[in-house]
Amino acid sequence: MSADPAPLPLPYTAPELERRLGSDWSRLLWSAYRWMRTARSLDDRMVALQRQGRVGFYGPATGQEAVSIAAGLAVQENDWVFPGLREQLVALVRGHPLTTYVHHLFADGLDPAQGRQMPCHPTAREVRYVSMSSCVGTQISHAVGCAYGFRFRNDDAVSLAFFGDGATSVNDFHAGMNFAGVYHLPVVFCCTNNQWAISLPVEKQSRVKELAEKGGAYGMPGRRVDGSDFVESYLRLSEALDSARRGEGPSLLEFVVYRMSAHSTSDDPSRYQPPDWTQRARQHDPVRRMEHLLGALGLLSQDIVREIDRQIDATLRDAIATAERTAAPAPETLERDVLASLPAASPAGG
Amino acid sequence: MTEVTLVQAINRALRTAMAADSEVLLLGEDIGVNGGVFRATEGLLKEFGADRVVDTPLSETGIIGSAVGMALYGLKPVAEIQFLDFIYPGFDQIVSELSKFRYRSGGQYPCHVVIRSPYGGGIRGGLYHSQSTEAYFAHTAGLKVVVPSTPADAYGLLLSAIFDPDPVIFLEPKRIYRSVTGEVPDGDHREPIGKARIVREGADVSVFAYGAMVPPATEACQSVETEGVSAELIDLRTLVPLDVPAVLASVEKTGRAVIVHEAARFCGYGAELSAILAEKAFYSLRAPVSRVTGFDTPFPYALENVYLPNAARIRQAIVETAKAG
């Protein structure tokens with residue numbers, strides 16, 4: 001194993017950050033960094049627990065943290081998030097309790113959805129994070145319909161539709177983008193291009209050089225963003241949200257990131273990724289890039305980092321221990337929530 | 001009370017619902033300026049405006065997916081799919097999303113979308129304007145499936161569907177859109193979802209039908225009187241949830257059952273009804289359950305009158321069932 005390459009620099013100066021992010025910029029960066037460390041710990045722990053057979057499945061978001069954290073910090077309280085596969089962090093950053101999320105990962109009786117979905121498919125209505133399916137791209141037109149509702153009720157909210165590079169091939173991408181264009185709706189389409197759809201590289205997903213170009217086909221601006229640069233991601237998202245909120249219509253942001261993990265715990269990337277992929281991806285690691293920036297700005301103190309890690313570790317340990325002590329969903333929950341009420345006249349299943 | 005056709009009853013129900021609740025809105029292809037290809041939404045654009053009667057791009061997945069998003073937000077969307085034959089681009093949205101939102105979110109995200117769609121044959125529509133594929137939807141947990149056969153039921157059941165907390169697939173028998181007329185009440189009068197209707201009482205054979213099969217089944221039930229057979233006709237009206245007590249009560253009385261639908265036979269809705277009778281009314285049955293259905297073929301253009309059950313085929317099944325055993 002060769003030595004890790006240095007992370008690509010984030011060449012921002014303090015005055016520039018103050019100008020672009022406002023006077024609270026250092027608190028914003030620290031908040032983002034703290035979430036990055038939380039996310040990394042969560043991914044590492046959950047992959048390990050899955051390997052030990054304690055969690056059934058896990059889909060890490062390693063390498064994609066900057067985009068989700070930027071979204072969680074840039075949105076307004078009434079904005080709605082329609083996640084793709086790896087945006088669970090947005091819910092956490094918006095205030096969904098980590099302990100509740102861990103109950104979901106363990107599919108126990110305190111999961112708000114009673115363990116009905118695979119891990120990494122949380123539901124968090126209290127932070128307007130919509131329950132996702134495992135079907136790629138279907139959420140895109142939901143975000144569009146919801147945004148129609150915003151305008152219908154004069155709500156100044158914006159919908160964020162997240163999806164990956166693979167989803168740009170799916171029919172719902174076309175349908176959703178097209179409807180949003182026609183009705184000029186407040187939607188920010190966030191394509192997190194991690195360059196892999198399981199085994200297929202993005203070059204084999206589409207002939208266009210940049211997925212952002214696809215915005216033009218629907219009459220909306222498309223913009224490519226360095227998605228492992230938190231500052232850039234936050235700024236571009238804020239602009240797109242503001243523009244949608246002002247009634248200037250939808251936009252497409254393509255966040256280029258590097259998938260630093262397997263597709264999921266069921267996947268073996270050595271079958272299809274080039275041998276140097278991990279090394280290349282490490283240069284784009286958003287956490288290391290953020291550390292580099294904080295270091296260059298003289299803001300990084302190892303004492304504070306150690307204290308943050310200690311807190312994250314304690315919170316995670318506690319959440320995991322609690323979840324492991326929690327009983328599985330009761331069998332009588334099986335038939336609940338299929339319909340608003342169990343039809344008395346129907347034959348019971350099973 | 002006013003005498004109207006079935007499609008006029010649909011139009012009136014939409015108008016009543018939209019007048020009663022400003023968050024009921026319609027979306028679909030050609031439903032605005034054109035009033036729908038069957039005119040089900042005629043006049044509604046003018047009355048309620050383009051924000052509430054939304055002409056959409058030609059995309060069933062976009063229509064249903066957007067309706068799901070509107071419902072998640074809290075609106076009450078009523079989507080029109082121009083022909084049931086064209087619903088399949090949106091099938092993923094129905095089966096993977098609409099039907100599962102409440103369940104997968106532990107009740108956090110109910111999703112009350114109504115999808116109206118004309119279905120069935122008899123209009124010289126060939127393979128792609130004629131199919132009767134209600135079984136796909138009835139098979140999927142999380143959906144209600146409603147099929148009216150009279151103007152009054154179309155009116156009352158559509159109003160119930162629009163204000164129901166669950167997603168409803170509302171199938172309209174287009175063959176009898178204009179051939180059936182009847183009185184509908186004025187105002188917000190709702191028929192309960194999940195209740196069958198006894199069209200006529202009888203003692204010897206129970207006939208179960210729905211949608212466009214109710215008129216030929218009615219004719220057949222009348223015609224067997226000359227053979228001394230007293231047939232009871234039940235219009236199911238709601239396929240999900242099925243009114244199991246009404247089905248069982250009828251067969252417990254008559255001991256014989258004929259099931260009529262125009263959909264293909266294999267794994268059609270009649271197969272489930274037949275299985276329920278075998279499981280729950282076995283000791284009441286005095287003859288095999290009989291099914292009068294379409295064929296296990298694609299829907300034919302030139303031979304549609306051979307494909308579709310008619311009064312003669314239903315009559316024959318009733319007589320044979322009455323005399324069997």
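These legends go with four views of a predicted model.

**Figure 1. Chain A as a whole.** Start with the overall build: chain A has eleven helices and seven strands. Along the principal axes, its C-alpha atoms take up a box of roughly 70 × 50 × 45 Å. Is the radius of gyration of chain A what a compact globule would have? Yes, it agrees: for 350 residues the expectation is near 20 Å, and chain A comes out at 20 Å. As for the inside, 48% of the 350 residues in chain A are buried. Take the contacts in chain A between residues at least 6 apart in sequence, and 76% of them turn out to join residues at least 24 apart.

**Figure 2. Pro77(B) and its surroundings.** Here we zoom in on strand 4 of chain B, residues 76-80, where Pro77(B) sits. Pro77(B) counts as buried because 29 C-beta neighbours lie inside 10 Å, and 20 or more is what it takes. Leaving out residues up to four places away in sequence, Pro77(B) touches Leu25(B), Leu27(B), Ala67(B), Met70(B), Ala71(B) and Val113(B). One of these partners, Leu25(B), is 52 residues away along the chain, yet its C-alpha atom is 5.0 Å from that of Pro77(B).

**Figure 3. Where the two domains of chain B meet.** Chain B splits into domain 1 (2-184) and domain 2 (197-323). Taken over C-alpha atoms, the centres of the two domains are 26 Å apart. At the contact, 27 residues of domain 1 of chain B meet 24 residues of domain 2 of chain B. On the domain 1 side, the elements giving two or more residues are helix 6 (134-138), strand 6 (144-146), helix 7 (151-162) and strand 7 (168-173) of chain B. That side of domain 1 is a mix of 13 nonpolar, nine polar and five charged residues.

**Figure 4. The buried face of helix 9 in chain B.** Look along helix 9 of chain B (residues 244-254) and pick out Ala246(B), Val247(B), Ser250(B), Val251(B) and Thr254(B), which are buried. Seen down the helix axis, these buried residues fall within an arc of 120°, so they line one face of helix 9. What do they pack against? Their partners in chain B are strand 10 (205-209), strand 11 (231-235), strand 13 (257-260) and helix 10 (269-280). Just after helix 9 of chain B comes Gly255(B), with a positive phi near 75°.

Terms used: Residues are numbered from 1 along each chain as its sequence is written. Chains are lettered from A and ligands numbered from 1 in the order in which they are written. This is a predicted model: local features need pLDDT of at least 70, side-chain atom pairs count only at pLDDT 80 or more; totals for chains, interfaces and linings use all residues. Helices (H or I, at least four residues) and strands (E, at least two) are DSSP runs, numbered from the N terminus. A residue is buried if 20 or more other C-beta atoms lie within 10 Å of its own, exposed if 12 or fewer, and partly exposed in between; C-beta atoms are placed from the backbone. Two residues are in contact if their C-beta atoms, placed from the backbone, lie within 7 Å. The radius of gyration is taken over C-alpha atoms; the globule rule is 2.2 Å times the number of residues to the power 0.38. Domain bounds come from an automatic or database domain assignment. Ala, Val, Leu, Ile, Met, Phe, Trp, Tyr, Cys and Pro count as nonpolar, Asp, Glu, Lys and Arg as charged, and the others, Gly among them, as polar. The arc is that of the directions from the helix axis to the C-beta atoms.
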